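Please have the sequence and the coordinates open side by side before reading on. The paragraphs below go through the sheets, the cores, the ligand shell and a few backbone details.

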Amino acid sequence: MNVKSLKLSQLPTPINKLEILSEELGQNLWIKRDDLTGFAFGGNKTRKLDLLIADALDRKYDTLVAVGANQSNFCRIVAAYGSRYGLATHLVLGGMKPDNPTGNLRVAHIYGAIVHHYDTSDWERLEEKSRQLSKELFKQGKKVYLLPIGGSTPLGSSGYIEAIKEIKDFESENNISFDKLFVVAGSGGMQAGLIVGKVLYKWPGAIIGISVSWAKPEQEKIIYSLAKEIAKIYHVEIDRKQIIIDDNYIGPGYGQSTPEAEAAIKLFAQKEGIMLDSYYTGKGAAGLLDYIEQSKVSSQENILFLHSGGNIQLFE
Ligand SMILES: Cc1ncc(COP(=O)(O)O)c(C=O)c1O
């Protein structure tokens, strides 16, 4: 497949051993630093947006509309691509307009995004608002590229296929093989892309998605249908069994932290100097730590944790 990419992501992202945590937890732990993809403070969304914005530019769109919560990492990075490429960027955000924008929202303002706030956490309502806004902009003569939550279209999600190739390259260069890859599943695009990468590159490891949004049956359905669509483009087949979701670490809900996530944030910061966030990677790490504590992974296994970014939220 020849997919155009803007290549603003700094790739391959490093893979490092978590030396101190490995020693203290009695588990060989490694981390893939997708928080270091670079552009607009980095994170998993640059792999998707390198492809999506290339597509928008190719097809001569002039306006971006994206949906998310006030602290959306995705919307922060969309705003950066929009300003970088001269595309007007509208963000439809769930959450009250704060007197003083902080964290991701502050950064989106710095990039010059036009922000529309709606005091709701109902995703369908927000998507509806974004469709309405797109229609209004269309009537004004704008060519609107509408980005769904998390940029999780088949094209955007396919940005994660190559991450598996990077992991395989690292394995062969360092004579190691990872048994399990832990990732966070929000809108599901990252995991869907990784699963297609796993099949395409015949990577034998298991990909465990710690859901931060939907319950297991729904999240599995979303990721399976997305992975199937991407797989069709790449002429491979997905087995539903390859989609492994654990929904035990969501806590009270999407965008709300848990004591376990906060403890994981402190542990990674104090032991390894690595910053996670409260809504995504903190919960993913909490899941990983629980698997180790409960011996749901064998102590002989090599475990890789994908740090998908998000730590700007710490300045919320
Ligand atoms: C930091 C971070 N990690 C993980 C995810 C989840 O990625 P996906 O929505 O592709 O499942 C997101 C999504 O917004 C994110 O911002």
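In this predicted model, Lys180 stands opposite Ala206 of strand E8. One place along, Leu181 has Ile207 in E8 as its bridge partner. Both pairs belong to the contact between strand E7, residues 180-185, and strand E8, residues 206-211, where 6 bridges join the two in the parallel sense. Strands of a sheet pair through backbone hydrogen bonds, in either a parallel or an antiparallel way. E7 is mostly covered, with 5 of its 6 residues buried.

E7 and E8 are part of an open sheet of 6 strands, and the order across this sheet is E1-E2-E10-E7-E8-E9, with mixed pairing. Its edges are strand E1 (15-17) and strand E9 (244-246), each of which pairs on one side only. From one strand to the next, the twist averages 30°.

Two helices can be placed against this sheet. H8 lies across E7 and E8 and runs at about 175° to E8. Helix H11, residues 281-293, also packs on the sheet, where it touches E7, E8, E9 and strand E10 (302-307). The direction of H11 makes about 140° with that of E7.

The model has another open sheet, of 4 strands in the order E5-E4-E3-E6, and here the pairing is parallel. Strand E5 (114-118) and strand E6 (144-147) are the edge strands, each paired on one side only. Neighbouring strands in this sheet are turned by 20° against each other on average, direction ignored. Within it, strand E3 (residues 63-69) and strand E4 (residues 88-94) run parallel and are joined by 7 bridges. One point to look at is Leu64, which stands opposite Thr89 in E4.

Next come the nonpolar cores. The largest one has 56 residues, and those with the most contacts inside it are Phe182, Val183, Ile195, Ala227, Ala264 and Phe305. Helix H8 (residues 189-200) gives the most to this core, contributing 6 residues. Another core, of 33 residues, lies apart from the largest one and includes Val65, Val107, Tyr145 and Leu147. To follow a single member of the largest core, take Ala264: leaving aside its neighbours within four places in sequence, Ala264 is in contact with Leu276, Gly282, Ala285, Ala286 and Leu289.

Helix H4 (residues 103-110) has several buried residues, namely Gly103, Asn104, Leu105, Val107 and Ala108. The elements covering the buried residues of H4 include H3, E4 and E5. Just after H4, Gly112 takes a positive phi of about 90°.

Which residues are closest to the ligand? Of the 19 residues that surround the ligand, the closest are Gly150, Gly186, Ser187, Ser308 and Gly310. Helix H3 (73-84), E7 and H8 each supply at least two residues of this shell. H8 gives the most, with 3 residues. H8 is also the element that gives the most to the largest nonpolar core. By class, the shell around the ligand is made of 14 polar and 5 nonpolar residues, with no charged ones.

Some backbone details remain. Most residues other than glycine have a negative phi, and most peptide bonds are trans. The peptide bond from Leu11 to Pro12, however, is cis, with omega near -5°. Pro12 lies in the segment before E1. Asn175, in the loop between helix H7 (161-174) and E7, has a positive phi of about 50° although it is not a glycine. Lys202, in the loop between H8 and E8, likewise has a positive phi, near 50°, and is a residue other than glycine.

Are these loop residues buried or exposed? Asn175 counts as exposed because 6 C-beta neighbours lie inside 10 Å, and the cut-off for exposed is 12 or fewer. Lys202 is exposed as well, with 9 other C-beta atoms within 10 Å. A further loop residue is Lys241, located between helix H9 (216-233) and E9. Lys241 is exposed because 6 other C-beta atoms lie within 10 Å of its own. The C-alpha atoms of Lys241 and Tyr224 are separated by 9.5 Å, while the two residues are 17 residues apart along the chain.

Note on methods
Residues are numbered from 1 along each chain as its sequence is written. This is a predicted model: local features need pLDDT of at least 70, side-chain atom pairs count only at pLDDT 80 or more; totals for chains, interfaces and linings use all residues. Two strands pair if DSSP finds at least two bridges between them. Axes are lines fitted to C-alpha atoms, for helices over the stretch in contact, and angles run from 0 to 180 degrees between N-to-C directions. A nonpolar core is a set of buried Ala, Val, Leu, Ile, Met, Phe, Trp, Tyr and Cys residues joined through C-beta atoms within 7 Å. A residue is buried if 20 or more other C-beta atoms lie within 10 Å of its own, exposed if 12 or fewer, and partly exposed in between; C-beta atoms are placed from the backbone. Two residues are in contact if their C-beta atoms, placed from the backbone, lie within 7 Å. A residue is near a molecule or strand if its C-beta atom, placed from the backbone, lies within 6 Å of it. Ala, Val, Leu, Ile, Met, Phe, Trp, Tyr, Cys and Pro count as nonpolar, Asp, Glu, Lys and Arg as charged, and the others, Gly among them, as polar.
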